[in-house]
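The following report describes one protein model, moving from single residues to the chain as a whole.

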Amino acid sequence: MNQRVFPLWVMLCGFLPPLLAQTSPTERAMQAQGLVDVAVLDSTIHVDLMYARSDNFMGRVLYADLRRAYLHPKAAQALAKAQHILRKLRPDLSLKVYDAARPMHIQQAMWNAVAGTDKRIYVSNPRNGGGLHNYGMAVDLTLCDAQTGDTLAMGTLIDHLGPEAHITDEAALLAKGLISKEAMANRALLRQVMRQAGFIPLKTEWWHFNRISRAEAKAHYKAIK
């Protein structure tokens, strides 16, 4: 089994103590498990964690003390690469992260909310090992204006649990007028840069990208506590 790679920034002399002093208990726990604050690798990436607010599918705050986006180093480095690719193609745009590494107890709360409903296909069951967010190997994100942070049209709000968010149905959604040509093009651009950086898009959520497969995560990495 692969061991957690301690973040490179932790090894920078004199950098860790002040950082720890500014972080919350949840963030310190993530750091202790080898996760990386994506802003340390690329501060131009916008971050606005949706589960630190109440306007998400749960309708309540789940991250009481988490405001920064953390990922496994392998995923964090790939995300920084995606931002670099995007900025070369479109200097006026930036990636905007809405969710990254997610502790398993938060995953359980989400599963409890959808278990037994038709929305359960959108949430991984912790009993089965959870999803890639629970390994720091998945990120939810969109495109935004690099200066203002204003998001681009994507056809649905992020965290929309329904067929309008499925990337396999976009041509039909466009034909029915459920998404615009602009939204379809923006989704395509997001997928382009994320794929070039090594991420795998999720078919049912235009905003969700995995760095590795679920089988690889379960075989070689530890879930986040």
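At 4% relative accessibility, Phe199 counts as buried, a class that here means under 20% relative accessible area, with exposed standing for over 50% and partly exposed for values in between, for a 1.4 Å probe and protein chains only. The model is predicted, and for that reason local features need pLDDT of at least 70 and side-chain atom pairs count only at pLDDT 80 or more, while totals for chains, interfaces and linings use all residues. Residues are numbered from 1 along each chain as its sequence is written, and side-chain values use heavy atoms, with hydrogens and water left out.

Phe199 sits in the loop between α7 (181-196) and β6 (200-202), where helices (H or I, at least four residues) and strands (E, at least two) are DSSP runs numbered from the N terminus. With residues up to four places away in sequence set aside, Phe199 touches Ala75, Ala78, Leu79, Val139, Met194, Phe209, Asn210 and Arg211, a contact being heavy atoms within 4.5 Å. One of these partners, Leu79, is 120 residues away from Phe199 along the chain, yet their C-alpha atoms are separated by 8.4 Å.

The loop between β2 (46-47) and β3 (70-71) holds Leu66, and Asp55 is found in the loop between β2 and β3 as well. Leu66 is buried, with a relative accessible area of 2%, whereas Asp55 is exposed, at 54%. Beyond its neighbours within four places in sequence, Leu66 is in contact with Thr26, Glu27, Met30, Leu49 and Ala52; its C-alpha atom also lies 6.9 Å from that of Ser24, at a sequence separation of 42 residues. The side chain of Asp55 is joined to that of Arg53 by a polar contact of 2.7 Å, that is, a pair of N or O atoms within 3.5 Å in which, within protein, one must be able to donate a hydrogen and the other to accept it, residues adjacent in sequence counting only if both atoms are side-chain atoms.

Asp55 also leads to a distant part of the sequence, since Asp159, 104 residues away along the chain, has its C-alpha atom 9.4 Å from that of Asp55. Asp159 is placed in the loop between β5 and α6 (170-175) and is buried, with a relative accessible area of 10%. Its phi is near 75°, a positive value in a residue other than glycine. Most residues other than glycine have a negative phi. A positive phi, of about 85°, is also taken by Gly116, just after α5.

Helix α5 itself (residues 104-114) has Met104, Ile106, Gln107, Ala109, Met110, Trp111 and Val114 as buried residues. Asn134, in the loop between α5 and β5 (138-145), is buried with a relative accessible area of 0%. Not counting residues up to four places away in sequence, Asn134 touches Arg102, Pro103, Met104, Gln107, Lys222, Ala223 and Ile224.

Strand β1 (residues 36-37) contains Asp37, and Val36 lies in strand β1 too. The side chain of Asp37 reaches the backbone nitrogen of Ala39 at 3.0 Å. The C-alpha atoms of Val36 and Gly149 are separated by 22 Å, the two residues being 113 apart along the chain. The table collects relative accessible areas for some of the buried residues.

| Residue | Relative accessible area |
|---|---|
| Val36 | 3% |
| Asp37 | 5% |
| Leu66 | 2% |
| Asn134 | 0% |
| Asp159 | 10% |

For the protein as a whole, the secondary structure comes to eight helices and seven strands, and 51% of the 225 residues are buried. The radius of gyration is 17 Å, which agrees with the value near 17 Å that a compact globule of 225 residues would have; the radius is taken over C-alpha atoms, and the globule rule is 2.2 Å times the number of residues to the power 0.38. Along its principal axes the C-alpha trace spans about 55 × 45 × 35 Å. Of the contacts between residues at least 6 apart in sequence, 72% join residues at least 24 apart.

The accessible surface of the protein is about 10,600 Å², and 55% of this belongs to carbon and sulfur atoms; such areas come from the Shrake-Rupley method with a 1.4 Å probe, and for residues only the protein chains shown count as cover.
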